[in-house]
Amino acid sequence: MQSNTISNLDDNFLSNLTGLEELYLQDNHISALKDSNLTYGQNALKILQIHNNKILSLPSSFLSPLSELDTLFLHENQICCTFEGFSILNSKIRYAKLGSNKFTQLSNDFLNDTSLLRYLHLDNNQIQSDLEFSGASENNILEQLYLQNNEISAISSKFMNIFQNMRTLHLGKNKLTSLPNPLGLPFGSKLQNFFFGENQISG
């Protein structure tokens, strides 16, 4: 269904495809998604790609029926405001691409004990939050976090300390003026790639 001119999805349009595991809706003109689009019979879905559309927002429970979803692509849309996870926290999603939208804030608790996220792309948004994630669990298993090309101005040592499993952290092209001192990495940190170029760091 990708690369068409689809603008609307009928309610329960996939209700008869109870064994469907992959759904590709990228490169269309979809502007809105409703809870009812994926309410019935989609528990087997593992890959959902809706990138490069015109989506402005998502119902908070949109992903709730997708208990087996592993991969979610929502980049290159126009989704705005605060990123709270869209039920990602209570699912099996490991890989989420949400770059090139219009997010401006990150919820402090979008990474908690139930999060199975390993790869999260939030690059090319308008995120202005100081990175602290005070509600995040130190037990999260995030390995790669991409936050480049945003408007982030500060990060705390608390933020760095919660990523025991982090291997790649990309904070390039933001508005950082300094880094925490000490950096605050946890003992035994697995961090291999830390990008913070093209900021405003001096001294």
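## Strand 4 and C81

C81 lies in strand 4, which covers residues 80-83. This is a predicted model. C81 has a phi near 80°, a positive value in a residue other than glycine. Most residues other than glycine have a negative phi. The relative accessibility of C81 is 44%. C81 is therefore partly exposed, as 44% falls between the 20% limit for buried and the 50% limit for exposed.

A second case is N124. Its phi is positive, about 55°, although N124 is not a glycine. N124 is placed in the loop between strand 7 (119-121) and strand 8 (144-146). At 32% relative accessibility, N124 also counts as partly exposed.

## Overall fold and confidence

The protein has one helix and ten strands. Along the sequence the order is β-β-β-β-β-β-β-β-α-β-β. Of the 203 residues in the protein, 43% are buried. Take the contacts between residues at least 6 apart in sequence: 60% of them join residues at least 24 apart.

Mean pLDDT for the protein is 84. A value of 70 or more is reached by 89% of the residues. Among the elements, strand 9 (residues 168-170) has the highest mean pLDDT, at 96. Helix 1 has the lowest, at 81. Where pLDDT is low, predicted coordinates should not be read in detail.

## Core and cavity

The largest nonpolar core holds 46 residues. L48 and L120 have the most contacts inside this core. Strand 6 (102-106) and helix 1 (157-161) each supply at least two of its residues.

The count of cavities of 30 Å³ or more comes to one. The largest cavity has about 40 Å³ of space. Its lining consists of M160, F163, M166, L169, L185, S189 and L191.

## The loop between strands 2 and 3

N52 sits in the loop between strand 2 (47-49) and strand 3 (71-73). H51 is found in the loop between strand 2 and strand 3 as well. How buried or exposed is each of them? H51 has a relative accessible area of 12%. That is under 20%, so H51 is buried. N52 has 31% relative accessibility and is therefore partly exposed.

Which residues does N52 contact, leaving aside neighbours within four places in sequence? They are Q26, D27, N28, H75, E76 and N77. The side chain of N52 also makes a polar contact with the side chain of D27, at 2.5 Å. N52 and Q78 are 26 residues apart in sequence. Their C-alpha atoms are 9.2 Å apart in space.

On the same basis, H51 is in contact with Q26, D27, F73, L74, H75, E76 and N77.

## Q26 across from the loop

Q26 belongs to the loop between strand 1 (22-24) and strand 2. At 10% relative accessibility, Q26 is buried, because that value is under 20%. Not counting residues up to four places away in sequence, Q26 touches Q2, S3, Q49, I50, H51, N52 and N53. Both H51 and N52 are thus in contact with Q26.

Key: Residues are numbered from 1 along each chain as its sequence is written. Side-chain values use heavy atoms; hydrogens and water are left out. A nonpolar core is a set of buried Ala, Val, Leu, Ile, Met, Phe, Trp, Tyr and Cys residues joined through side-chain atoms within 4.5 Å. Buried means under 20% relative accessible area, exposed over 50%, partly exposed in between (1.4 Å probe, protein chains only). Helices (H or I, at least four residues) and strands (E, at least two) are DSSP runs, numbered from the N terminus. Contact means heavy atoms within 4.5 Å. A polar contact is a pair of N or O atoms within 3.5 Å; within protein, one must be able to donate a hydrogen and the other to accept it, and residues adjacent in sequence count only if both atoms are side-chain atoms. pLDDT is the predictor's confidence in each residue, from 0 to 100. On a 1 Å grid over the protein atoms alone, a cavity is a set of points where a 1.4 Å probe fits but cannot get out, and a pocket is an open set with protein on both sides within 12 Å along at least five of seven lines; lining residues have an atom within 4 Å of a point. Grid points are joined across faces, edges and corners, and a volume is the space filled by probe spheres set on the points.
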